[in-house]
Amino acid sequence: MADGARVSVAVLDPDSGQIAAYGGTGVFVTASVVKLDILTALLLRAREAGRGLDRTERSCAAAMIVRSDNDAASALWGVIGRAPGLDAANARLGLTETVGGDGPLWGLTRTTAVDRLVLLRQVFGADSLLDGASRAYVRGLMEGVVPEQAWGVPSVADDGTGWAVKNGWLPRDATGLWVVNSVGRVTAGGRAYLVAALSDGNPTKERGVVRVEQAVRAAVRTAGAAHRRGTGPSRPAPRPGPPG
């Protein structure tokens, strides 16, 4: 792009099981979208221990997703074992291109748009390592984000339909340029889609939000046009990892 920013969007049409992509590919810093990974890793860890989340964990999970609270994310990052715990959980979930950030730096986890779709399928699909109650819990938090964070994926929602989202934004210390990301589920043109939009090199957060929303609209249009033609989008969806 003219200002040097990058954007990568992947859209999954659950009915066809195909992915439409827009923009480039490559690895991006997650910023706060990794909070969805942290929560799924926490839920897997609790299930393996034969328990539900305790009161403190549930409070942190809600703050982390609904308000994007960083202190809550840092607390749960420690509970799951930081990057090694995240990477182990994501490997089980079928993610192959996501690597946890060093030490306490969960926001510097690196990922791809397609890997974000793999995680979203674990949350929104029945073919998941998460049980039904856990999936419903995560979806409920993503559907209840504070109004000022209802940008990105929700921008393409049909009037009167629900959506679920987790956004992330981060200025990079070395450059002052912004990472701006949005992942979630939306109904557009009467069809439900899972959407992951990643960007970096944005001069401001606001410009990044505009860029992400433009890219989401273009990718959803591509997916919708492919469905109407009966051709299916560009590539098959990745499968989740094996139970374990």
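**Asn90 and the packing of helix 1**

Asn90 touches Asp37, Leu95 and Thr98, leaving aside residues up to four places away in sequence. The model is predicted. Asn90 belongs to helix 4, which spans residues 82–93. Its relative accessible area is 1%. The cut-off for burial is under 20%, so Asn90 counts as buried.

Asp37, one of the residues touched by Asn90, also takes part in the contact of helix 1 with helix 5. Two packings of helix 1 are described here, with helix 2 and with helix 5.

Helix 1 covers residues 34–48 and helix 2 covers residues 55–66. Their axes lie 10 Å apart, at an angle of about 160°. Angles over 145 degrees count as roughly antiparallel, so helix 1 is roughly antiparallel to helix 2. The crossing is left-handed. Helix 1 contributes Lys35, Leu36, Ile38, Leu39 and Leu42 to the contact. Helix 2 contributes Glu57, Ala61, Met64 and Ile65. Seven of these residues are nonpolar, two are charged and none is polar.

Helix 5 comprises residues 113–124. The axes of helix 1 and helix 5 come within 11 Å and cross at roughly 45°. The two helices are therefore oblique to each other. This crossing is left-handed. From helix 1, the contact involves Leu36, Asp37 and Thr40. From helix 5, it involves Arg116, Leu119, Leu120 and Val123. The residues of this contact divide into four nonpolar, one polar and two charged. Leu36 of helix 1 appears in the contact with helix 2 and in the contact with helix 5.

Definitions and conventions
Residues numbered from 1 in each chain as written. Predicted model: local features only at pLDDT ≥ 70, side-chain atom pairs only at ≥ 80, totals over all residues. Heavy atoms only, no water. Helix = DSSP H or I, 4+ residues; strand = E, 2+ residues; numbered from the N terminus. Buried < 20%, exposed > 50% of the residue type's maximum accessible area, 1.4 Å probe, protein only. Contact = heavy atoms within 4.5 Å. Axes fitted to C-alpha atoms, helices over the stretch in contact; angles between N-to-C directions. Parallel < 35°, antiparallel > 145°, perpendicular 65-115°, else oblique. Left-handed = near helix turned anticlockwise from the far one by under 90°. Nonpolar A, V, L, I, M, F, W, Y, C, P; charged D, E, K, R; others polar.
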